[in-house]
Amino acid sequence: MMDVMEIQPEVADALADRRPVVALESTIITHGMPWPDNLDMARQVEGDLRAEGAVPATIAVMGGKVRVGLDAAALEALARTPDAMKLSRADLAACIATGRSGATTVAATMICAARAGIEVFATGGIGGVHRGAETSFDVSADLQELARSPVTVVCAGAKAILDLPKTLEVLETLGVPVVAYGQDALPAFWSRDAGLTAPLRCDSPAEVAQLLAARTALDLSGGVLVANPIPEAAEIPHATLAPLINEAQKDADDKGIGGKALTPFLLARLAEMTKGRSLTANITLVRHNARLAARIAAAIVRAGER
Ligand code: PSU
Ligand code: MN
């Protein structure tokens, strides 16, 4: 069989020794943030994981292989490749087969993490049901993947550029546990609360590990979504953002932007409209999620030792 995975030795050793490892996606680097903030963010997040005692495994496709764990040179090369393919489940194999560079979305990162044996993954926000999906049918493949791949995804909720009630409905239909961390409200990426209550709540990494153990005992497939509210100091209130999001979505509609280009367009447009405040908030929340993901990975390891 074709060997398509290249696991960095540091990551492989940590997995073999049952030490905490946390996967990181790469679309946020190539399509979610501009150069050079993207590289700074990627390095900082890896540093945050290490500071919490976890080994980072940033995932991307380079040179015809899925690389699990990138060295400094590979991370920089990727951050300088804005035309990297944006990979979801549908594109992963084609990117490998053609030898192109590709950045993994939440969906593709989950697939690769699960194959590598990594149980926890940190990101900013997941994809979801886009506004106007009743006509565009634009529902991110991230949601299906959460139902399929056994990975715990720590995010700051779904981006407020999405239709959040519909996103929650689809996750419920797919049987994906959606857990708000430390509060009842569903965090909405740049805002701690957009007026929706999360279906489930956990208040500590140990509680998340217990939930995962019970799911394993029941042989339930798929992943778990942990939504960690952005730190208060960095939050942009929902009322401030809502009109800007409407405007950004209208710009996208006017320009005929949809499909894979929509999320990157909306993020870039919002960063412009908020004069960089949304980008700063995005970086803060990803780093915050990485620290929680590391603590959850450590709690899973501890639970396995008992
Ligand atoms: N989180 C961010 N910025 C991003 C993304 C997430 O803070 O750019 C990316 C993720 O990779 C996610 C993708 O999987 O956006 C969703 O894209 P789509 O809506 O096209 O499925
Ligand atoms: Mn889409």
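A pocket, as the word is used here, is an open set of grid points, mapped over the protein atoms alone, with protein on both sides within 12 Å along at least five of seven lines. With that in hand, let's walk through this predicted model, starting with its largest pocket, which has a volume of about 490 Å³. Thirty residues might sound like a lot to keep track of, but 30 is how many line this pocket, and the ones closest to its centre are Lys86, Thr105, Ser140, Asp142 and Thr263. Keep those names in mind, as some of them come back shortly.

Where does the lining of the largest pocket come from? Three helices each supply at least two residues: α2 (27-30), α8 (141-148) and α12 (262-273). Of the elements, α12 gives the most, with three residues. As for the chemistry of that lining, it splits into 14 polar, 10 nonpolar and six charged residues.

So what sits in there? The largest pocket is the space taken by ligand 1. Two helices, α2 and α12, are the elements that give two or more residues to the shell around ligand 1. That shell counts 18 residues, and the closest are Glu25, Lys86, Ser140, Asp142 and Thr263. Sorted by class, the shell has 10 polar residues, four nonpolar ones and four charged ones.

Now zoom in on the atoms. Lys86 brings a polar side-chain atom to 2.7 Å from an oxygen atom of ligand 1. Asp142 also uses its side chain, with an N or O atom 2.7 Å from a ligand 1 oxygen. With Val106 it is the backbone that takes part: one of its polar backbone atoms is 2.9 Å from an oxygen atom of ligand 1. How much of ligand 1 does the protein cover? On its own, ligand 1 has 480 Å² of accessible area, and the protein covers 95% of that.

Next, swing over to the second largest pocket, which holds about 290 Å³ of space. It is lined by 17 residues, and closest to its centre are Glu119, Leu212, Ala213, Thr216 and Ile300. Here α10 (205-217) and α13 (277-305) each supply at least two lining residues, and α10 gives the most, with five. The class split for this lining is nine nonpolar, five polar and three charged residues.

Before you leave, two spots in the backbone deserve a look. One is a cis peptide bond, running from Trp35 to Pro36, with omega near 0°. To find Pro36, look in the loop between α2 and α3 (37-51); α2 is also one of the helices you met in the shell around ligand 1. The other spot is Arg18, which is not a glycine and yet has a positive phi of about 55°. Look for Arg18 in the loop that runs between α1 (9-16) and β2 (21-24).

Notes:
Residues numbered from 1 in each chain as written. Chains lettered and ligands numbered in written order. Predicted model: local features only at pLDDT ≥ 70, side-chain atom pairs only at ≥ 80, totals over all residues. Heavy atoms only, no water. 1 Å grid on protein atoms, 1.4 Å probe; cavity = no way out; pocket = protein on both sides within 12 Å on 5 of 7 lines; lining within 4 Å. Points joined across faces, edges and corners; volume = space filled by probe spheres on them. Helix = DSSP H or I, 4+ residues; strand = E, 2+ residues; numbered from the N terminus. Nonpolar A, V, L, I, M, F, W, Y, C, P; charged D, E, K, R; others polar. Near = heavy atom within 4 Å. Polar contact = N/O pair within 3.5 Å; in protein donor to acceptor, adjacent residues only side chain to side chain. Areas by Shrake-Rupley, 256 points an atom, 1.4 Å probe, with all protein chains shown as cover. Sits in = over half its atoms within 2 Å of the grid points.
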